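Colleague: Please take me through the pockets and cores of this structure, and tell me how each term is justified.

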Amino acid sequence: MEDHPVKPLAPATLALIALGTAASAQSLPGPLATPEEVSQLLGQDVDVIDIRAEDAYAEGHVDGAVNAPYALFRGPDDNPGQLPTEEALTEILSERGLEPGTPVIVTYQGESISDFGAAARVYWTLKSAGIENLTILNGGLAAWEEAGLELSTESVEIEPSDIEVTWDDTWTATADQVQAAIDGGDTLLLDARPESFWDGREAHPSAAKPGTLPQSEYFEHANWFSGGPAIIDGAAAKSLAQENGLTEAEALISFCNTGHWAATNWFALSELAEIDNVKLYPESMVGWSNAGYEMANVPGPIRTLWHQIRGIF
């Protein structure tokens, strides 16, 4: 049988293939989507997850969204920032039909700026689990309803997927990496909590004691919002990061009490401002303090008593 040389594709054909690939890869508008953009994506090859509690989801959700409550992506009460295991994440994502190659839209309530941290933490978890084509409905379901868009109460039939999670630690900081940053090097440890937590006047109920990481600075998660629970866009995030010197370090580790507010800082810096080598320390100060590591801004006994007295009155 005679061999025939493979005929090269015409430039126009190559261009069409490239265009199709680009369109597929850019099916989502970016890390943030407006309600109108999400509405236009419904019915296409995208997955929508609603991270609210089951009862809130049942009262109304974006059409086609599956329920994946935030608590599934969190640790126990005494260490809420702890990561689920790869096995647990595999089960969670499989039961909701998620696949690595299918874009995912994360929806949440949008009742406050703190609420955005839940969406950012789930986004970070999904990205680390291998789903990189992601977007968050900016402003949550509050913005969705404000835009005059309808909610559905229809149940969604889910076909479990065969996803198998292998954690990508590119965006995860461990306690050892935090300690290495404290010991030296050009890594910025950035506390996402209000100043009252950073300077030891307040503490999370599950933390062993108040205080912060040694050598850390603070930049409150609330700074990324302007006039409501919708986070600022990429251009504004880049400007804010530069104005506050958050682009100068070789690496940055975001932390808070339990990796919730810190997820907002991570999202703004990594996904919106597009700064390389930004990591999230998931267990944050609850995990760090309970493990007995060195801390800064820990108040002495008299100061602690004074804060307790002030809290009573």
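**Pockets and cores**

Modeller: The lining of the second largest pocket has six nonpolar, four polar and three charged residues. This is a predicted model, where local features need pLDDT of at least 70 and side-chain atom pairs 80 or more, while totals for linings use all residues. Side-chain values use heavy atoms, without hydrogens or water, and numbering runs from 1 along each chain.

Colleague: Which residues lie nearest the centre of that second largest pocket?

Modeller: Among its 13 lining residues, Val 46, Asp 47, Val 48, Gly 64 and Ala 65 lie nearest the centre.

Colleague: What makes Tyr 123 a lining residue of the largest pocket?

Modeller: A pocket is an open set of points on a 1 Å grid over the protein atoms alone, where a 1.4 Å probe fits, with protein on both sides within 12 Å along at least five of seven lines, and a lining residue has an atom within 4 Å of a point. Tyr 123 is therefore listed in that lining, as are Gly 30, Lys 127 and Glu 271, among others. About 190 Å³ of space lies in this pocket, a volume filled by probe spheres set on the points.

Colleague: Why is Phe 267 called a core residue?

Modeller: A nonpolar core joins buried residues of certain nonpolar types (buried meaning under 20% relative accessible area, with a 1.4 Å probe) through side-chain atoms within 4.5 Å. Phe 267 belongs to the largest core, of 57 residues, and is one of those that touch the most other members, so the name applies. Apart from this core lies another, of 13 residues, including Ile 182 and Met 285.

Terms used:
Nonpolar A, V, L, I, M, F, W, Y, C, P; charged D, E, K, R; others polar. Buried < 20%, exposed > 50% of the residue type's maximum accessible area, 1.4 Å probe, protein only.
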